[in-house]
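Here is a short report on contacts, interface and empty space in a two-chain model. The sequence and structure come before the details.

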Amino acid sequence: MIEISHVNKHYGAFQVLTDCSTTVAKGEVIVVCGPSGSGKSTLIKTVNGLEPFQSGTIMVDGISVGAPSTDMPKLRARVGMVFQNFELFPHMSITENLTIGQIKVLNRSKEEAMATGLKLLDRVGLKAQAAKFPGQLSGGQQQRVAIARALSMNPICMLFDEPTSALDPEMVNEVLDVMVELAHEGMTMMCVTHEMGFARKVANRVIFMDQGHIIEDATKDDFFGTPRGERAQQFLSKILSH
Amino acid sequence: MDYHWNWGIFFVQVQNGDETYLDWLINGFGWTVAVSVSAWIIALSLGSVIGTLRTTTRPWVVMLGNTWVECFRNVPLLVQMLLWFFVVPELLPKDLSMWVKQDMPAKEFITATLCLGLFTSARIAEQVRAGIQSLPRGQHYAGMAMGFTTPQTYRYVLLPMAFRIIIPPLTSEFMSVFKNSSVAFAISVLELTFVSRQMQEDSEQGIETYVAVTALYFLCAFIANRVMSFIDKRTRVPGYVSAK
């Protein structure tokens, strides 16, 4: 589904990603972790072309990301993305947030879009909030709406960029629960997150990044059992100890 | 103070004609509103486009926008008014130049409106740019990630919020247009300031004249302010905290 091969990205002399390669097969859940500044958020943003890269290739469903012949808006519409700061559109009601993409990008009718939107809103447990605006919801609720918004486009895979990092601790689980459910339904997912409990529960593989390099790319059991590199061990001991 | 007060002057006939001074003022007020509102329409549409272009990723487009803003912001409005009226027509191709100088209808009005519109557009462009750039970068990403094209991202995501954010500076700009329109008297547009000078000389009642004119400008700016705060209230986003 997603094939990242030998991707390099730099801002001037500063190398952000160095020779990154990995794949995400259909139905797989991959967790990407690593210290801040390791390039994990940048890597996930290259997958739908929000961040350009200088060399290497990324294929999503057989389509080359960033190639001149690729219709990027069309490709992005098929890849759902959830952001650290939710990024709901603040001037639109929750239902407008859930329908605008369907109407303007997928050319669905208003009625059809509304039906899909409300169904998804119900699924994330927020049907009662339909008429509200993002600023009137809690962080956890906003993030669940953001997930529903991404799903409203019927994506072939989902990208999560630290979806719980901006949340108050008591709201993390309501978001993770939605993600776990999504994983169990067979959604292809690539998640940048430090939630190792989530990784243990649903990840097929865990990728560990440091300073723009993919250092570990191991199955969940191998990663939590015996991470090969010293850096990954240090990182794990730090985030698991508290 | 040896001043002969006459508040009834407004209903007195002017020296050579059958209108009253009030008719003059009403006429002048009409031209002031006409110049200001037309200039505001030009300024808002052009300023929005140029301000938006200045936030794009194409360097030459950004440079074009920046040049526009610098040109119109760095020269006094009065000088610009005189340039448009006396210099620009000379630079046009010969036939067009002749037409503008001799036959163009409402020449003073069009020149003043264009000048004030372009001058204000530069200022609005600056505010629109700042408004867009004050939005979190993630909003742009979120629009793109939905599958919006760049124009769609601006149309549905960035501009609706940017305009809400810049309503306060746009309000002062809207008020300024009315006040700045007084500069049009320099090229003989028969607007309020022009008429007031005429009335002062004709009636020799300077204080009454300028009190009336002051009140009329005040009224314009005040209404502009009310209109904008009405728009502000109508477009306010529930639950949105701007300091985010």
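Glu162(A) and Lys40(A) join their side chains in a salt bridge, at 3.7 Å from N to O. The term covers a side-chain nitrogen of Lys or Arg within 4 Å of a carboxyl oxygen of Asp or Glu. Glu162(A) sits in the loop between strand S7 (157-161) and helix H6 (169-184) of chain A, and Lys40(A) sits in helix H1 (residues 40-47) of chain A, so the pair ties together parts that are 122 residues apart in sequence. Over all chains, the structure holds 15 salt bridges.

The model is predicted: local features need pLDDT of at least 70, side-chain atom pairs count only at pLDDT 80 or more, and totals for chains, interfaces and linings use all residues. Residues are numbered from 1 along each chain as its sequence is written, chains are lettered from A and ligands numbered from 1 in the order written, and side-chain values use heavy atoms, without hydrogens and water.

**Chain B**

Chain B has ten helices and zero strands. Helices (H or I, at least four residues) and strands (E, at least two) are DSSP runs, numbered from the N terminus. The C-alpha atoms of chain B fill a box of roughly 70 × 50 × 30 Å along the principal axes.

**The interface**

Chain A brings 26 residues to the contact and chain B brings 22 residues, where contact means heavy atoms within 4.5 Å. About 2100 Å² is buried between the two chains, and carbon and sulfur atoms give 68% of that area. Buried area is the accessible area (1.4 Å probe) that two parts lose on being put together, summed over both. Phe89(A), Pro90(A) and His91(A) supply 27% of what chain A buries against chain B, more than any other three residues.

The rule finds zero salt bridges across this interface. Five residue pairs are in polar contact between chain A and chain B, both residues at pLDDT 80 or more. A polar contact is a pair of N or O atoms within 3.5 Å; within protein, one must be able to donate a hydrogen and the other to accept it, and residues adjacent in sequence count only if both atoms are side-chain atoms.

On the side of chain A that touches chain B, helix H2 (72-77), strand S6 (79-82) and helix H3 (94-104) of chain A each give two or more residues. H3(A) gives the most, with four residues.

**Pocket and cavity**

On a 1 Å grid over the protein atoms alone, a cavity is a set of points where a 1.4 Å probe fits but cannot get out; a pocket is an open set with protein on both sides within 12 Å along at least five of seven lines, and lining residues have an atom within 4 Å of a point. Grid points are joined across faces, edges and corners, and a volume is the space filled by probe spheres set on the points.

The largest pocket holds about 790 Å³ of space. Its lining has 23 residues, and Thr55(B), Thr57(B), His140(B), Thr150(B) and Tyr154(B) are the closest to its centre. H7(B) gives the largest share of this lining, five residues.

There is one cavity of 30 Å³ or more. The largest cavity holds about 90 Å³. Of its 13 lining residues, Gly80(A), Met81(A), Ala150(A), Ala145(B) and Met146(B) are the closest to the centre.

The table sorts three sets of residues by class. Ala, Val, Leu, Ile, Met, Phe, Trp, Tyr, Cys and Pro count as nonpolar, Asp, Glu, Lys and Arg as charged, and the others, Gly among them, as polar.

| Set | Nonpolar | Polar | Charged |
|---|---|---|---|
| Lining of the largest pocket | ten residues | eight residues | five residues |
| Side of chain A that touches chain B | 14 residues | six residues | six residues |
| Lining of the largest cavity | ten residues | one residue | two residues |
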